[in-house]
Amino acid sequence: MSPRPRKPHAPRRSQASRLLVGAVLAAFVVFFVLPVLWLVLAATKTDHQLVNGNPLSFGSWHALKANWSALTGFQDDAIMLWLRNSAVYAGISLVITLCVAVPAGYALAMTEFRGRRTLLIATLIVMLMPNATLVVPLFLEINAVQLVGTMWSIILPYSFYPFGVYLTYIYFTTAVPRDLLAAARIDGCTEFGVFRHVALPLATPVIALVGFFSFVANWTNYFLPYVMLPESDQMPVQVGVGTLLSNVPSFNPTVGSLAIERPQLALATLLAITPVLVVFLFSQRFLVAGMLAGATKE
């Protein structure tokens, strides 16, 4: 009889798994953690230290304060105005999105009507299209109603969020028991009452998920407000950071007295991404619940 093949040793297999995990974590640190760390430290340096010093060294609190003073002094504290504009645009759009996307997803999931399948397919197609492809048609539509240059030229397109509609449709289709809704109707609830008192409380995780994705998409959008808003005092912070970039001598040698140095640009970038990080930290529990809510069907 031929000898039985030897089984691989468990310690070797475990060691290989640890090496693989270590390699993945090392790649994560190199590609994600180090750039963020560099950005944070860059705001604490002078321009000379940023170019010639250790990339991962801390500068000084004095340099950080000087960079903050220079940044807030640009165009009479324009960075704070841009942050406030972003908060207004993203906040109002978020409220409208939740008021429209959640009921629309519920209606698509729970009711049958003519054209429902066509509407679902159209929602999916628009959801998959890159945002940049819609900017020119949106500009023509907004210009036709003479809203270009107003806050509504940003808020109304932001509020149209087909991904939120489709996400809530999937959630109500897979995670909400229809028998529970039918029992509420038997007890005398109207359709609006069923949605308000039964379906909506069960949909808290997916509402948080839609809200987070909508807020991030609105806050980080650059191309649409760049096209729609001609005035500096109307800009959101993403477009404002682009304006700062054009005033850095290293990128634009023709810049005049309004020069911005690279550490100040790094500080502005940190200010631009901080609201998204704060929202993520406070909503991550609901985000995880929302992502797993439709994973299984009852």
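**Notebook: salt bridges, rings and a greasy patch**

I began with aspartate 47, which is buried at a relative accessible area of 19%. That value only just makes the cut, because buried means under 20%. I'm working from a predicted model here.

**Salt bridges**

What does aspartate 47 meet in a salt bridge? I found the side chain of arginine 262 there, at 3.0 Å from N to O. The pair links distant parts of the chain: aspartate 47 sits in helix α2 (residues 47-52) and arginine 262 in helix α14 (residues 262-293), 215 residues apart. Arginine 262 itself is partly exposed, with a relative accessible area of 27%.

How many salt bridges does the structure hold? I got 3. Another one joins glutamate 112 to arginine 116, with the closest N and O atoms 3.8 Å apart. I looked up how covered these two are: glutamate 112 is exposed at 69%, whereas arginine 116 is buried at 15%.

I also noted glutamate 191 with arginine 185, where the closest N and O atoms are 2.9 Å apart. Glutamate 191 is partly exposed at 36% relative accessibility, and arginine 185 is partly exposed at 32%.

**Cysteines**

Next I looked for disulfides, and the search of the whole structure came back with 0. I checked two cysteines for cover anyway. Cysteine 99 is exposed, at 55% relative accessibility. Cysteine 189 is partly exposed, at 32%.

**Aromatic rings**

I counted 13 aromatic pairs. One of them is tyrosine 171 with phenylalanine 172: the ring centres are 5.8 Å apart and the planes stand at 75°, so I wrote it down as edge-to-face. Are these two buried or exposed? Tyrosine 171 is buried, with a relative accessible area of 7%, and phenylalanine 172 is buried too, at 0%.

Then I followed ring pairs elsewhere and ended up with a cluster of Tyr161, Phe163, Phe212, Phe213 and Phe280.

**Nonpolar patch**

Last stop was the surface. Which residues make the nonpolar patch of about 910 Å²? I listed Phe28, Val29, Val30, Phe31, Phe32, Val33, Leu34, Leu37, Trp38 and Leu56. I picked phenylalanine 31 for a closer look, and it lies in helix α1 (residues 10-42). Phenylalanine 31 is exposed, with a relative accessible area of 63%. I set that beside phenylalanine 172, which is buried at 0%.

Key. Residues numbered from 1 in each chain as written. Predicted model: local features only at pLDDT ≥ 70, side-chain atom pairs only at ≥ 80, totals over all residues. Heavy atoms only, no water. Patch = residues over 30% accessible without salt bridge, like charges linked within 9 Å, V, L, I, M, F, W, Y side chains within 5 Å. Areas by Shrake-Rupley, 256 points an atom, 1.4 Å probe, with all protein chains shown as cover. Salt bridge = Lys/Arg side-chain N within 4 Å of Asp/Glu carboxyl O. Helix = DSSP H or I, 4+ residues; strand = E, 2+ residues; numbered from the N terminus. Buried < 20%, exposed > 50% of the residue type's maximum accessible area, 1.4 Å probe, protein only. Disulfide = S-S within 2.5 Å. Phe/Tyr/Trp six-rings, centres within 6.5 Å; stacked < 30°, edge-to-face > 60°.
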